[in-house]
Amino acid sequence: MRHMNGDHADDCRVICQGLGNQPRATDAAMSGMDADGMDFLATVDGAPVPVRIPFTERLTERRQVRAEAARMYREACAVLGITPRPDAR
C-alpha cells in the first residue's frame with residue numbers, strides 16, 4: 001500500500017476513474033487490500049469516496065499483487081482511452 005500511494009498515486013487515480021466508476025476523481029489513494037480486491041479512497045468533487053476494485057481471481061501469493069495492480073492500471077487506461085506508461089506490465 002505504501003508503494004502504491006508513494007510511487008503510483010496517479011495510477012491509483014486512473015484506476016478509480018476507469019474501473020471504479022469515478023471519472024471525476026481528482027485524487028486517490030489505496031486504503032486497503034484483501035485476497036479479493038483493492039480498496040481506494042478517491043476524491044470526487046472535493047469529497048472522499050470509497051472505491052473497491054476486485055481482482056480477477058482470489059490472490060494466494062504476495063507476488064500476484066503487482067500483476068493485478070498493473071492489470072488494473074492498463075484496463076483503466078483502456079477504458080479512459082489513454083496510453084499507459086511503458087513500464088506498466
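A residue counts as buried when its relative accessible area is under 20%. Keep that cut-off handy as you click around this predicted model.

**Stop 1: His8**

Select His8, in the loop that links helix 1 (2–7) to helix 2 (9–19). Is His8 buried or exposed? Its relative accessibility is 19%, so His8 counts as buried. Now show what is around it: apart from neighbours within four places in sequence, His8 is in contact with His3 and Arg85.

**Stop 2: the cysteines**

Next, pick out Cys16. Its relative accessible area is 0%, so Cys16 is buried. A disulfide is a covalent bond between the sulfur atoms of two cysteines. How many disulfides does the structure hold? The count is zero. For Cys16, the closest cysteine sulfur belongs to Cys12, and because 6.9 Å separates the two sulfurs, they are too far apart for a bond. Cys77 is in no disulfide either: the nearest cysteine sulfur is again that of Cys12, 12 Å away. With a relative accessible area of 1%, Cys77 is buried.

**Stop 3: helix 3**

Cys77 takes you to helix 3, so colour residues 63–80. Try checking the length of this helix: at 1.5 Å a residue, its 18 residues should span 26 Å, and the C-alpha atoms at its ends are 27 Å apart, which agrees.

Which residues of helix 3 are buried? They are Gln64, Glu68, Ala69, Ala70, Arg71, Met72, Tyr73, Ala76 and Cys77. An α-helix has 3.6 residues a turn, so residues three or four places apart point the same way. Turn on the rest of the chain to see what covers the buried residues: helix 1, helix 2, strand 2 (37–44) and strand 3 (47–54) are among the elements that do.

**Stop 4: the end of helix 3**

Slide along to Leu80, which is still in helix 3. Leu80 is partly exposed, at 32% relative accessible area. Together with Val79 and Ile82, Leu80 forms a nonpolar patch on the surface, with about 240 Å² of accessible area between the three. Look at Gly81 too: just after helix 3, this glycine takes a positive phi of about 70°.

**Stop 5: Arg52**

Finish in strand 3, where you'll find Arg52. This arginine is partly exposed, with 37% relative accessibility. Which residues does Arg52 touch? Leaving out residues up to four places away in sequence, Arg52 touches Asp34, Asp36, Gly37, Met38 and Asp39. Then select Gly20 as well: Gly20 and Arg52 are 32 residues apart in sequence, with 6.9 Å between their C-alpha atoms in space.

Notes
Residues are numbered from 1 along each chain as its sequence is written. This is a predicted model: local features need pLDDT of at least 70, side-chain atom pairs count only at pLDDT 80 or more; totals for chains, interfaces and linings use all residues. Side-chain values use heavy atoms; hydrogens and water are left out. Helices (H or I, at least four residues) and strands (E, at least two) are DSSP runs, numbered from the N terminus. Buried means under 20% relative accessible area, exposed over 50%, partly exposed in between (1.4 Å probe, protein chains only). Contact means heavy atoms within 4.5 Å. Patches are made of residues with over 30% relative accessible area and no salt bridge: like charges are joined within 9 Å, nonpolar side chains (Val, Leu, Ile, Met, Phe, Trp, Tyr) within 5 Å. Accessible areas come from the Shrake-Rupley method with a 1.4 Å probe; for residues, only the protein chains shown count as cover. A salt bridge is a side-chain nitrogen of Lys or Arg within 4 Å of a carboxyl oxygen of Asp or Glu. A disulfide is a pair of cysteine sulfur atoms within 2.5 Å. The expected span of a helix is 1.5 Å times one less than its number of residues.
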